[in-house]
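Trainee: I am new to this structure and would like a close look at a single part of it, namely the way its helices pack against one another. Could you take me through that slowly, and then add whatever else helps me to find my way around?

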Amino acid sequence: MPDPFPLSVTEGSPTGDLGRRIAVRRTALGLTREEAAAQAGVAASYLQYLEEFPGAAPGRSVLLRLAGVLRTTVTDLAGGDSDQTPGPGRAGSDPEFTELTVQECRELLSTHGVGRVAVPTASGPVIVPVNYSVVDGAIVYRTAPAAMPSRAAGCQVTFEIDRIDDAFGEGWSVLALGRARAVTEPDDVRRLTEHAFSTPWAGGPREEWVRIDALSLTGRRIATRQGTFSEASGTDGPSPADPAGRNME
């Protein structure tokens, strides 16, 4: 794998739950605040207010337009399905299954966040989620000594990330295969601490670093004919915001 992958950043400082969801979804689609605001028919300053003011409470019509532009649902923006397992919806219209290139896999992997590592054990592989980053082209995560993710060190492992879009029945997944090792050299530990983006959500003392150097990267994507939520009918319809059927990134 090459040197550090490019990372995406968002402008502003989203503070409310709704604002964070809007900003994260907008950035994932590659939309600037101005572009998203124009497509939703609101002022860029108002969208900034929604993203950065915790007490913002837009009307349903605004939420419907934003959900359409961001290719999601009002429920998702409001966090109403945060405790649900992703992927319960029906298949999208005209699904297209494609293999991702190695470069596409690298770009998706570089966004950092939560991934799953399959740890070999005597009774079979155990899959556990970890907060990971990409530093110097390697997948890295921090864990606690003796915790299950730490047992990956010294083993051949698989690491997987994915994105599921319930609103449109779309998604992608990236699978990395490689050798995991513990990072113990003080200079290497310092570099990872300085450059890693993701910290363990579980909290507590988690000072053991594990590095995975991927030997292969494969990925798959399911894309569909684009649609959006129609405020008038409450059904899916053609999306004027995305006439070219841009791939979800």
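Mentor: What follows begins with the helix packing and then turns to a cavity and a loop. Please keep in mind throughout that this is a predicted model.

Two packed helices are described by the angle between their axes and the distance between the axes. Helix 1, which covers residues 17-28, packs with helix 3, residues 44-52, at an angle of about 120°, and their axes lie 6 Å apart. Helix 1 is therefore oblique to helix 3. On the side of helix 1, the contact is formed by Gly19, Arg20, Ile22, Ala23 and Arg26, while helix 3 contributes Leu47, Leu50 and Glu51. Sorted by class, the residues of this contact comprise four nonpolar, one polar and three charged.

Helix 3 also packs with helix 2, residues 33-40, where the axes come within 8 Å and cross at roughly 110°. These two helices are therefore roughly perpendicular to each other. Here Arg33, Glu34, Ala36 and Ala37 of helix 2 meet Ala44, Leu47, Gln48, Glu51 and Glu52 of helix 3, and the classes in this contact are four nonpolar, one polar and four charged residues. If you look at Leu47 and Glu51 of helix 3, you will find them in the contact with helix 1 and also in the contact with helix 2.

Beyond the helices, the structure holds two cavities of 30 Å³ or more, and the second largest has a volume of about 30 Å³. The lining of this second largest cavity includes Asn131, Tyr132, Ser133, Val140, Tyr141 and Arg142, together with Ala196, Ser198, Thr199, Pro200 and Trp209. Strand 3 (126-135) and strand 4 (138-143) are the elements that give two or more residues to that lining, whose residues divide into six nonpolar, four polar and one charged.

Finally, threonine 121 sits in the loop between strand 2 (113-119) and strand 3. The side chain of threonine 121 reaches the backbone oxygen of glycine 124 at 2.3 Å, and, leaving aside residues up to four places away in sequence, threonine 121 touches Val126, Met148 and Arg151.

Definitions and conventions. Residues are numbered from 1 along each chain as its sequence is written. This is a predicted model: local features need pLDDT of at least 70, side-chain atom pairs count only at pLDDT 80 or more; totals for chains, interfaces and linings use all residues. Side-chain values use heavy atoms; hydrogens and water are left out. Axes are lines fitted to C-alpha atoms, for helices over the stretch in contact, and angles run from 0 to 180 degrees between N-to-C directions. Helices (H or I, at least four residues) and strands (E, at least two) are DSSP runs, numbered from the N terminus. Angles under 35 degrees count as roughly parallel, over 145 as roughly antiparallel, 65 to 115 as roughly perpendicular and the rest as oblique. Contact means heavy atoms within 4.5 Å. Ala, Val, Leu, Ile, Met, Phe, Trp, Tyr, Cys and Pro count as nonpolar, Asp, Glu, Lys and Arg as charged, and the others, Gly among them, as polar. On a 1 Å grid over the protein atoms alone, a cavity is a set of points where a 1.4 Å probe fits but cannot get out, and a pocket is an open set with protein on both sides within 12 Å along at least five of seven lines; lining residues have an atom within 4 Å of a point. Grid points are joined across faces, edges and corners, and a volume is the space filled by probe spheres set on the points. A polar contact is a pair of N or O atoms within 3.5 Å; within protein, one must be able to donate a hydrogen and the other to accept it, and residues adjacent in sequence count only if both atoms are side-chain atoms.
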